[in-house]
Amino acid sequence: MSNSFQNSVELIKVTPQESELLKDYIEALYRFEGDFEAIVNIEEGLKSLFRNEALATPYFIKQGPEKIGYVILTRYHSVEKGGLTIYIDELYVEERFRRRGVGKHILDQVVKIAQREKAKALWANTEHNNEGSQRFFKNSGFRQNRYLNFERAL
């Protein structure tokens with residue numbers, strides 16, 4: 001990928017007025033992952049997302065004037081990590097822009113956001129069968145931790 005392409009890729013905060021386009025991207029990610037159960041939560045998830053930016057911020061990924069994906073950063077406190085931890089809740093790049101260095105360039109910008117906010121750690125997870133995503137994070141300086149994740153719906 002050329003430097004001019006990399007230099008034109010940026011993160012732009014999503015406004016509530018743009019939530020319909022964000023919804024389209026989220027649905028595309030869930031379809032790509034085969035997570036059809038999560039699609040039913042998108043409407044409520046979007047409403048919640050815009051209620052408190054201190055907890056989570058959605059960004060569009062733009063290349064020049066064109067939106068080509070999104071990332072959502074969620075914040076939480078971890079005593080174990082020594083304070084603020086930023087979780088890459090979702091990261092999606094349109095298929096036609098994948099494998100061109102967009103993800104790496106966006107991750108560099110996410111790291112700068114985390115450093116600006118004085119976060120102690122940056123965290124991400126991926127499905128067990130998503131080897132491409134696993135390679136991406138490992139090649140970007142992440143390491144697999146020792147934890148298994150559990151959740152309980154309320």
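**Exercise 1. Identify the residue of S3 that is the bridge partner of phenylalanine 60, and describe how S2 and S3 are arranged.**

Solution. In this predicted model, phenylalanine 60 has tyrosine 70 of S3 as its bridge partner. The next step is the pairing of the two strands: S2 and S3 are antiparallel and share eight bridges. Finally, the connection is examined. Two residues separate S2 from S3 in a hairpin, and glycine 64 in the turn has a positive phi of about 65°.

**Exercise 2. Carry out the analogous analysis for S3 and S4.**

Solution. S3 and S4 run antiparallel, joined by 10 bridges. One bridge pairs serine 78 with glycine 83 of S4. The two strands form a hairpin with four residues between them; in its turn, glycine 82 adopts a positive phi of about 95°.

**Exercise 3. Classify the aromatic pair of tyrosine 25 and tyrosine 70, and state where each residue lies.**

Solution. A pair of aromatic rings is described by the distance of the centres and the angle of the planes. The structure holds seven aromatic pairs. For tyrosine 25 and tyrosine 70, the centres are 6.3 Å apart and the planes make an angle of 35°. Planes under 30 degrees apart would count as stacked and those over 60 as edge-to-face, so the remaining class, tilted, applies; the pair of tyrosine 25 and tyrosine 70 is indeed tilted. As to location, tyrosine 25 belongs to helix H2 (residues 19-33) and tyrosine 70 to strand S3. The pair thus links distant parts of the chain, 45 residues apart. Both tyrosines, 25 and 70, are buried. Ring pairs also place Tyr25 and Tyr70 in a cluster with Phe60 and Tyr92.

**Exercise 4. Determine which residue lies over the face of phenylalanine 32, and at what distance from the ring centre.**

Solution. The residue is arginine 98, at 4.5 Å from the ring centre of phenylalanine 32.

**Exercise 5. Describe the largest nonpolar core, and state which element gives the most to this core.**

Solution. The largest nonpolar core comprises 20 residues. Among those with the most contacts inside it are Leu11, Ile61, Ile106 and Val110. At least two residues each come from strand S1 (9-13), strand S2 (56-63), strand S3 (66-78), strand S4 (83-93) and helix H4 (102-116). H4 gives the most, namely six residues. The contacts of one core residue complete this step: leaving aside residues up to four places away in sequence, isoleucine 106 touches Val9, Glu10, Leu11, Ile61 and Leu91. Apart from this core lies another, of 16 residues, including Leu29, Ala38, Phe60 and Ile72.

Terms used
Residues are numbered from 1 along each chain as its sequence is written. This is a predicted model: local features need pLDDT of at least 70, side-chain atom pairs count only at pLDDT 80 or more; totals for chains, interfaces and linings use all residues. Side-chain values use heavy atoms; hydrogens and water are left out. A nonpolar core is a set of buried Ala, Val, Leu, Ile, Met, Phe, Trp, Tyr and Cys residues joined through side-chain atoms within 4.5 Å. Buried means under 20% relative accessible area, exposed over 50%, partly exposed in between (1.4 Å probe, protein chains only). Contact means heavy atoms within 4.5 Å. Two strands pair if DSSP finds at least two bridges between them. Rings of Phe, Tyr and Trp (its six-membered ring) pair if their centres lie within 6.5 Å; planes under 30 degrees apart count as stacked, over 60 as edge-to-face and the rest as tilted. A charge sits over a ring if NZ of Lys or CZ of Arg is within 6 Å of the ring centre and within 35 degrees of the ring normal.
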